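This report goes through side-chain contacts, aromatic rings, charged pairs and the nonpolar core. The sequence and the model come first.

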Amino acid sequence: MEERGSPAVAAGDDEGNEDPPQSEMQLVLHPPSPPFPGAGTYVVQIPKDQIYRVPPPENALIVERHRNPENKKKSPCCTIRCLIIGAIVISLCLILSITLLSLSLTVKPKEPKFSITNMYVKNPKSKSYTGKNSHPGYEVSLKVNNPNGHGINYEGSEGASLLFKEKSIGKGKFSLKKQKKDSSANVKLVLDGSKGALPREVEKSMENTDSKVHLPLTLKMDLSVKVKGFIKTWKLETEVECQFKVSTLGKGTKVLQQKCEAKFKG
């Protein structure tokens, strides 16, 4: 009986040596060796159902893309819009430049505008002006308007003539040399009396300040107009003709009617 009990004990020993279940964790610790107190070897056993796989780093980029899908779609659209807007702006600037270039080369400047503001006879005398040494002078005040966006150069202009019924009674020079853009200028023409006998109507108007007969006169000018544009400089010969009437050529002359017209030649 005693001999039979020994196998049971062995069996019990075998049961005590069985491996622990997977749900338990065993730690085998080796104490550190004396020379190195902080060193040691540790074995950690973790059950299979608690082991987790670490994802690769590139998976983080995929997750970010799925989290922000708008960024992926918005970036190309924004780039395309910027390109379209830039192309439109460049096209508009190109069209505007071509238009300004064509206008500066093809469109002629506008003629300056003239008007007579005053006139009087210099050195008036009561005696007749039919003598050889008696030649009165004239002063005609003008207002000149430049409607162009560029300045005008009048240098080289031939001059001005005062006529009565196509007969010249005075000649002088156009004194204005340069004029700024979009501006008005007052010009005084000093005309010397022509030699020879004056027409009877002119002589009578000089002598009689109370004359009710209005005297028609004509002022003609041949001007050289130079307008400097952005690219091209225009040189235009200009004819100016002012037809006007005065109350008298004596004291207190008044300009009653007038019509001035300037034309480019060619």
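The backbone nitrogen of S224 lies 3.1 Å from a polar atom of the S157 side chain. The model is a predicted one, in which local features need pLDDT of at least 70, side-chain atom pairs count only at pLDDT 80 or more, and totals for chains, interfaces and linings use all residues. Residues are numbered from 1 along each chain as its sequence is written, and side-chain values use heavy atoms, with hydrogens and water left out.

**S157 and its surroundings**

A polar atom of the S157 side chain also lies 2.6 Å from the backbone oxygen of Y154. Such a polar contact is a pair of N or O atoms within 3.5 Å; within protein, one must be able to donate a hydrogen and the other to accept it, and residues adjacent in sequence count only if both atoms are side-chain atoms. S157 is found in the loop between β5 (152-153) and β6. Helices (H or I, at least four residues) and strands (E, at least two) are DSSP runs, numbered from the N terminus. Leaving aside neighbours within four places in sequence, S157 is in contact (heavy atoms within 4.5 Å) with D222, L223 and S224. For S157 and D222, the C-alpha to C-alpha distance is 6.3 Å, with their positions 65 residues apart in sequence.

**Q179 and the aromatic rings**

Y154 takes part in a further polar contact, 2.9 Å long, between its side chain and that of Q179. Q179 lies in strand β8 and is buried, with a relative accessible area of 5%. Here buried means under 20% relative accessible area, exposed over 50%, and partly exposed in between (1.4 Å probe, protein chains only). Beyond four places in sequence, the residues in contact with Q179 are V144, N145, N146, G151, I152, Y154, S184 and A185.

Y154 also belongs to one aromatic cluster with F114 and F174. The structure holds 2 aromatic pairs. Rings of Phe, Tyr and Trp (its six-membered ring) pair if their centres lie within 6.5 Å; planes under 30 degrees apart count as stacked, over 60 as edge-to-face and the rest as tilted. F114 and F174 form an edge-to-face pair, at 6.3 Å centre to centre and 70 degrees between the planes. F114 lies in strand β3 (residues 113-122) and F174 in the loop between β7 (167-172) and β8 (178-179), so this pair ties together parts that are 60 residues apart in sequence. Both rings belong to buried residues: the relative accessible area is 8% for F114 and 5% for F174.

Another ring has a charge as its partner. The charged end of K232 sits over the ring of W234, 3.9 Å from its centre. The criterion is NZ of Lys or CZ of Arg within 6 Å of the ring centre and within 35 degrees of the ring normal.

**Salt bridges**

How many salt bridges does a search of the whole structure find? The search finds 6, a salt bridge being a side-chain nitrogen of Lys or Arg within 4 Å of a carboxyl oxygen of Asp or Glu. Some of them are listed here.

| Salt bridge | N to O distance |
|---|---|
| K188 and E139 | 3.9 Å |
| K165 and E201 | 3.7 Å |
| E166 and K220 | 3.9 Å |

K188 in strand β9 (residues 183-193) and E139 in strand β4 (residues 137-146) are 49 residues apart. K188 is partly exposed at 47% relative accessibility, whereas E139 is buried at 12%. K165, in the loop between β6 (159-164) and β7, is 36 residues from E201 in helix α4 (residues 200-207). K165 is exposed at 62% and E201 partly exposed at 37%. E166 lies in the loop between β6 and β7 and K220 in strand β10 (residues 215-228), so their bridge ties together parts that are 54 residues apart in sequence. E166 is exposed at 65%, while K220 is partly exposed at 32%.

**The nonpolar core**

A nonpolar core is a set of buried Ala, Val, Leu, Ile, Met, Phe, Trp, Tyr and Cys residues joined through side-chain atoms within 4.5 Å. The largest one has 39 residues, and those with the most contacts inside it are Y138, F174, L189, L217, L219 and M221. Two or more residues each come from β3, β4, β6, β9, α4, β10, β11 (233-246) and β12 (255-264). Strand β10 gives the most, with 7 residues. Not counting residues up to four places away in sequence, M221 touches F114, L142, G159, A160, F174, L189, T238, E239 and V240.
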